[in-house]
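Please look over the sequence and the model together before reading on. The paragraphs below go from the overall fold to one helix and then to a single side chain.

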Amino acid sequence: MSNQKLNSYLKEIVDLCRIKKNITFHIARHTFATTVTLSNGVPIETVSKLLGHSKITTTQIYAKVIERKVSEDMLKLDGRILNKTNTYL
């Protein structure tokens, strides 16, 4: 399927959903990589495979880790450290 045809299908979906943004295959792919997978804890290696990248460096450029995910991960780490500290007290 061509990029042009896929973008045409996406435009139909956007119109049906009354979304007021221009959505392209590239934007949808980026959103899938960042918002759907990485921010929900899917390892970057898995995302790389899902996107069909042969090198993980391509995925690292393409799917930037969003700030919210970094904050959530640091809060989890803080909680784990606190639990381990309390276990030894």
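How far apart are the mean positions of the positive and negative charges of the protein? In this predicted model, the 14 positive and the 7 negative charges have mean positions that lie 5 Å apart.

The fold itself can be described briefly, since the protein has 5 helices and 0 strands, and reading from the N terminus its elements follow the order α-α-α-α-α. The radius of gyration is 18 Å, which is well over the 12 Å that the globule rule gives for 89 residues, and the protein is therefore more spread out than a compact globule. The extents of the C-alpha trace along the principal axes are about 60 × 35 × 15 Å.

Turning to burial and surface, buried residues account for 17% of the 89 residues, while the accessible surface of the protein amounts to about 7,200 Å², with 60% of that area belonging to carbon and sulfur atoms. If one takes the contacts between residues at least 6 apart in sequence, 36% of them join residues that are at least 24 apart.

Helix H3, which covers residues 44-51, shows how burial is arranged on a single element. Its buried residues are Val47, Ser48 and Leu51, and because they fall within an arc of 105° when seen down the axis of H3, they line one face of the helix. The general geometry is helpful here: an α-helix has 3.6 residues a turn, so residues three or four places apart point the same way. The buried residues of H3 pack against two other elements, helix H2 (25-37) and helix H4 (56-62). On the face of H3 turned away from this buried side, one finds the exposed residues Glu45, Lys49 and Leu50. Just after H3 comes glycine 52, whose phi is positive, at about 80°.

A final stop is valine 70, which has its place in helix H5, the element formed by residues 67-88. Is this side chain's residue to be called buried, exposed or partly exposed? With a relative accessibility of 37%, valine 70 counts as partly exposed, because that class lies between the buried limit of under 20% and the exposed limit of over 50%. Valine 70 can also be related to a residue elsewhere in the chain, namely serine 39, from which it is separated by 31 residues in sequence and by 8.8 Å in space, C-alpha to C-alpha.

Methods. Residues numbered from 1 in each chain as written. Predicted model: local features only at pLDDT ≥ 70, side-chain atom pairs only at ≥ 80, totals over all residues. Heavy atoms only, no water. Helix = DSSP H or I, 4+ residues; strand = E, 2+ residues; numbered from the N terminus. Rg over C-alpha atoms; globule rule 2.2 N^0.38 Å. Buried < 20%, exposed > 50% of the residue type's maximum accessible area, 1.4 Å probe, protein only. Contact = heavy atoms within 4.5 Å. Areas by Shrake-Rupley, 256 points an atom, 1.4 Å probe, with all protein chains shown as cover. Lys, Arg positive; Asp, Glu negative; His and termini not counted. Charge placed at Lys NZ, Arg CZ, Asp CG, Glu CD. Arc of directions from axis to C-beta.
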